[in-house]
Amino acid sequence: MKLVSNEYGEWDLDFKNGDWVNCTGIDSLVNACIIAIMTRFNELGYCSLYEDFGCRIHEVIKQSKGRNAAYKIEVYVTEVLNNMRRIKTVNWVQVTDNPEDNYYNYKISFSVTSIHDEDNSDGELIEESFYI
């Protein structure tokens, strides 16, 4: 199912004509990246299939803001993207603190190169941004 975000960084399923919107291909990979980033680390630990799944950014977001918060978020997002088997290379991750003067938000932007399924070669370049 395709996820969509609003300007407040809230996520929900995308609906069209009263039904869920399915996503495939590159849209599916973008969706998977966002799900991995937004899932708390070990939140799905009860299932051995998802052991060590998720991202640690929630640890930083719940703390008082410090000078290293954006850097820690960048490190955690890079780590979770590097652990995804459908991603060949994480090209860059950029975290913007206080986007559009909103003190309680961060903007996460990233660029990855996917893995081409048939021959394990470089796939497509993907760039995405979203708010948390």
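**A three-stranded sheet and its helices**

In this predicted model, three strands form an open sheet in the order β5-β6-β7, and their pairing is antiparallel. The edges of the sheet are taken by β5, residues 87-97, and β7, residues 122-131; each has a single partner strand, so one side of each is left without a neighbour in the sheet. From one strand to the next, the twist averages 10°.

A closer look at one pairing helps to find the way around. Strand β6 covers residues 106-115 and is joined to β5 by 9 bridges, with the two strands running antiparallel. One pair of bridge partners is Val93 and Phe110, the latter in β6. As general background, strands of a sheet pair through backbone hydrogen bonds, and they may do so in parallel or antiparallel fashion.

Helices accompany the sheet. Helix α3, made of residues 69-82, packs on the sheet and touches β5 and β6. The direction of α3 makes about 160° with that of β5. Helix α1, spanning residues 25-38, lies across β5, β6 and β7 and runs at about 50° to β7.

The surface offers a further feature to look for. A nonpolar patch is formed there by Met1, Phe15 and Trp20, which together have about 330 Å² of accessible area. Of these residues, Trp20 can be placed in strand β4, residues 19-20. With a relative accessible area of 43%, Trp20 counts as partly exposed, because this value falls between the 20% under which a residue is called buried and the 50% over which a residue is called exposed.

Key. Residues are numbered from 1 along each chain as its sequence is written. This is a predicted model: local features need pLDDT of at least 70, side-chain atom pairs count only at pLDDT 80 or more; totals for chains, interfaces and linings use all residues. Side-chain values use heavy atoms; hydrogens and water are left out. Two strands pair if DSSP finds at least two bridges between them. Helices (H or I, at least four residues) and strands (E, at least two) are DSSP runs, numbered from the N terminus. Axes are lines fitted to C-alpha atoms, for helices over the stretch in contact, and angles run from 0 to 180 degrees between N-to-C directions. Contact means heavy atoms within 4.5 Å. Patches are made of residues with over 30% relative accessible area and no salt bridge: like charges are joined within 9 Å, nonpolar side chains (Val, Leu, Ile, Met, Phe, Trp, Tyr) within 5 Å. Accessible areas come from the Shrake-Rupley method with a 1.4 Å probe; for residues, only the protein chains shown count as cover. A salt bridge is a side-chain nitrogen of Lys or Arg within 4 Å of a carboxyl oxygen of Asp or Glu. Buried means under 20% relative accessible area, exposed over 50%, partly exposed in between (1.4 Å probe, protein chains only).
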